[in-house]
Amino acid sequence: RLKQLPAQAVLLFEDETVLRLFPVLRRAWALQGEQAKVAITGRNAKRVLFGAMNLRTGHRLVLRRPNMRQEHFQAFLRLLRRSYPGRRIGLLLDEAPGHLAARSQTLAAQLDIGLIWLPKPCSELNAMDQLWRELKGHISANYQYPTIDEHAAAAEQWIMALTSTEAQRKAGILSKHFWLKSFLK
């Protein structure tokens with residue numbers, strides 16, 4: 001299906017990540033014999049970041065929403081269309097319920113966005129998923145933000161502050177073993 005995309009088409013990886021007010025706990029330094037302390041408030045909240053990255057250029061788009069409902073995915077599809085006007089878009093994504101929803105698929109077709117399904121058990125194939133993993137290690141691990149929106153804003157800022165080359169490298173696209181390397185030539 002990738003070979004059917006015209007040369008001027010845009011190929012994007014899409015994925016979502018859930019940010020929670022409770023921090024992701026990772027390894028941390030502490031004095032020998034003492035437990036590392038991670039302060040939390042006892043309240044939990046979440047935000048979802050929808051994200052896409054252009055395979056060839058490293059350009060990224062992020063949209064913050066309260067959850068992963070199909071209407072939020074559809075808002076992200078509209079953002080993609082506005083960001084790449086007049087160009088065919090191929091979107092590599094997983095089979096999340098909001099992606100599979102009939103209204104989402106109808107809207108994608110209306111917006112001339114081709115949905116290219118990744119195998120279910122293979123999140124390692126999705127470069128955007130790899131970028132989220134890096135983000136959580138840098139932004140979310142072992143620290144609770146005062147509010148969930150401050151956490152989400154810090155995450156958005158981190159993603160968007162990367163240079164295109166940094167984003168592609170962190171996502172694995174520049175690896176000599178990247179599974180779509182031949183497509184980039």
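V18 stands opposite V48 in β2, a facing pair within the antiparallel pairing of strand β1 (residues 10–20) with strand β2 (residues 46–54), which extends over nine bridges. The model is a predicted one, and its chain holds seven helices and five strands. From the N terminus on, these elements follow one another as β-β-β-α-β-α-α-β-α-α-α-α. Of the 185 residues of the chain, 47% count as buried, and among contacts between residues at least 6 apart in sequence, 69% join residues at least 24 apart.

**The sheet**

- The five strands make up an open sheet with mixed pairing, and their order across the sheet is β3-β2-β1-β4-β5.
- The edges are held by β3 (60–65) and β5 (113–117), each of which pairs on one side only, and from one strand to the next the twist averages 25°.
- In general, the strands of a sheet pair through backbone hydrogen bonds, and the pairing can be either parallel or antiparallel.
- Whereas β1 and β2 pair in the antiparallel sense, β1 and β4 pair in the parallel sense, over four bridges, and within that pairing V10 stands opposite I89 in β4.
- Strand β4 (residues 89–93) also pairs with β5, again in the parallel sense, over five bridges; here L92 stands opposite I116, and L93 stands opposite W117.

**Burial of β4 and β5**

- Five of the five residues of β4 are buried, so this strand is largely enclosed by the rest of the structure.
- The burial of β4 applies to both of its faces, with I89, L91 and L93 buried on one side and G90 and L92 buried on the other.
- Although β5 is an edge strand that pairs on one side only, four of its five residues are buried, so β5 too is largely enclosed by the rest of the structure.
- In the loop between α3 and β5 lies D112, a residue other than glycine whose phi is positive, near 60°.
- D112 has a relative accessible area of 35% and is therefore partly exposed, a class that lies between the buried limit of under 20% and the exposed limit of over 50%.

**Helices packed on the sheet**

- Helix α4 (residues 127–140) packs on the sheet and touches β1, β2 and β3, and its direction makes about 35° with that of β1.
- Helix α5 (residues 148–161) lies across β1, β2 and β3, and it runs at about 175° to β3.

**The contact of α1 with α3**

- Two packed helices are described by the angle between their axes together with the distance between those axes.
- For α1 and helix α3 (residues 102–110), the packing angle is about 10° and the axes are 9 Å apart.
- Because angles under 35 degrees count as roughly parallel, α1 and α3 are described as roughly parallel to each other.
- On the α1 side the contact is made by Q70, F73, Q74, L77 and R78, and on the α3 side by R103, S104, L107 and A108.
- Sorted by class, the residues in this contact of α1 with α3 are four nonpolar, three polar and two charged.

**Aromatic residues**

- The count of aromatic pairs comes to three, and one of these pairs is formed by F50 and F76, whose ring centres are 6.0 Å apart.
- The ring planes of F50 and F76 lie at 35°, so the pair is classed as tilted, a term used for plane angles that are neither under 30 degrees nor over 60.
- This pair links distant parts of the chain, since F50 belongs to strand β2 and F76 to helix α1 (residues 70–83), with their positions 26 residues apart in the numbering.
- Both partners are buried: F50 has a relative accessible area of 1%, and F76 has a relative accessibility of 0%.
- Elsewhere, F13, F178 and W179 form one aromatic cluster.

Methods: Residues numbered from 1 in each chain as written. Predicted model: local features only at pLDDT ≥ 70, side-chain atom pairs only at ≥ 80, totals over all residues. Heavy atoms only, no water. Pairing = 2+ DSSP bridges. Helix = DSSP H or I, 4+ residues; strand = E, 2+ residues; numbered from the N terminus. Axes fitted to C-alpha atoms, helices over the stretch in contact; angles between N-to-C directions. Contact = heavy atoms within 4.5 Å. Phe/Tyr/Trp six-rings, centres within 6.5 Å; stacked < 30°, edge-to-face > 60°. Buried < 20%, exposed > 50% of the residue type's maximum accessible area, 1.4 Å probe, protein only. Parallel < 35°, antiparallel > 145°, perpendicular 65-115°, else oblique. Nonpolar A, V, L, I, M, F, W, Y, C, P; charged D, E, K, R; others polar.
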